[in-house]
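Biologist: Hi! Could you walk me through this structure? I'm new to this, so plain words please.

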Amino acid sequence: MAETTTLSSKFQISIPKAVREHHHWKAGQKFVFIPKGKGVLLVPAPTLGELRGIAKGADPKDVRDRDDRL
């Protein structure tokens with residue numbers, strides 16, 4: 001699905017309807033821009049509920065702390 005759009009004079013971009021409907025994106029939804037080479041990756045920002053439990057089972061033993069900074 002290749003769609004094009006134009007950056008407005010107010011630096012706004014409208015997401016084409018086909019893309020919005022395909023991904024079920026709604027008005028007011030927040031997004032994250034991730035730099036990728038000469039472009040960016042646009043992804044919906046995760047909610048706190050979606051992040052809950054993401055680090056379950058992680059071993060914090062080797063995690064850096066502020067004490068090891070210069």
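Modeller: Happy to! One term to begin with: a pocket is an open set of grid points with protein on both sides within 12 Å along at least five of seven lines, and its lining residues have an atom within 4 Å of a point. Also keep in mind that this is a predicted model.

Biologist: Okay, so which residues lie nearest the centre of the largest pocket?

Modeller: Those are Thr5, Ile13, Ser14, Ile15 and Leu42, and the full lining has 14 residues.

Biologist: And what volume does the largest pocket have?

Modeller: The volume is about 360 Å³.

Biologist: Which strands supply residues of the lining?

Modeller: Both β1 (31-36) and β2 (39-44) do, with at least two residues each.

Biologist: How do the lining residues divide into nonpolar, polar and charged?

Modeller: There are 10 nonpolar residues, three polar ones and one charged one.

Biologist: Let's move to the surface. Which residues make the nonpolar surface patch?

Modeller: Leu7, Phe11 and Ile13 make that patch, which covers about 360 Å². You have met Ile13 already, as one of the residues nearest the centre of the largest pocket.

Biologist: Is Phe11 buried or exposed?

Modeller: Phe11 has a relative accessible area of 67%, so it counts as exposed, the cut-off being over 50%. Along the chain, Phe11 sits in the segment before α1 (17-23).

Biologist: What about the phi of Phe11?

Modeller: Phi is positive there, about 60 degrees, although Phe11 is not a glycine. For background, most residues other than glycine have a negative phi.

Biologist: Which other residue has a positive phi of about 60 degrees although it is not a glycine?

Modeller: That would be His24, with a positive phi of about 60 degrees. His24 belongs to the loop between α1 and β1, and its relative accessibility of 63% makes it exposed.

Biologist: New topic, salt bridges! How many does the count come to?

Modeller: One salt bridge. Glu21 pairs with Lys17, and their closest N and O atoms are 3.8 Å apart. In general, side chains of opposite charge can pair when their charged atoms come close.

Biologist: Why are Glu21 and Lys17 separated by about one helical turn?

Modeller: Because Glu21 and Lys17 are four residues apart in helix α1. Lys17 is also exposed, at 52% relative accessibility.

Biologist: Now distances. How far apart in space are Ala27 and Glu3?

Modeller: They are 19 Å apart, C-alpha to C-alpha, with their positions 24 residues apart in sequence numbering. Ala27 is in the loop between α1 and β1 and is exposed at 84% relative accessibility.

Biologist: And where is Glu3?

Modeller: Glu3 is in the segment before α1. With a relative accessible area of 43%, Glu3 is partly exposed.

Biologist: How far is Glu3 from Lys56?

Modeller: Their C-alpha atoms are separated by 38 Å, and the two are 53 residues apart along the chain.

Biologist: One last pair: how far apart in space are Ile54 and Gly39?

Modeller: Ile54 and Gly39 are 28 Å apart, C-alpha to C-alpha, and 15 residues apart in sequence. You can find Ile54 in the segment after α2 (48-51), where Ile54 counts as exposed at 67% relative accessibility.

Biologist: Thanks, I'll look for these in the viewer!

Note on methods. Residues numbered from 1 in each chain as written. Predicted model: local features only at pLDDT ≥ 70, side-chain atom pairs only at ≥ 80, totals over all residues. Heavy atoms only, no water. 1 Å grid on protein atoms, 1.4 Å probe; cavity = no way out; pocket = protein on both sides within 12 Å on 5 of 7 lines; lining within 4 Å. Points joined across faces, edges and corners; volume = space filled by probe spheres on them. Nonpolar A, V, L, I, M, F, W, Y, C, P; charged D, E, K, R; others polar. Patch = residues over 30% accessible without salt bridge, like charges linked within 9 Å, V, L, I, M, F, W, Y side chains within 5 Å. Areas by Shrake-Rupley, 256 points an atom, 1.4 Å probe, with all protein chains shown as cover. Salt bridge = Lys/Arg side-chain N within 4 Å of Asp/Glu carboxyl O. Buried < 20%, exposed > 50% of the residue type's maximum accessible area, 1.4 Å probe, protein only.
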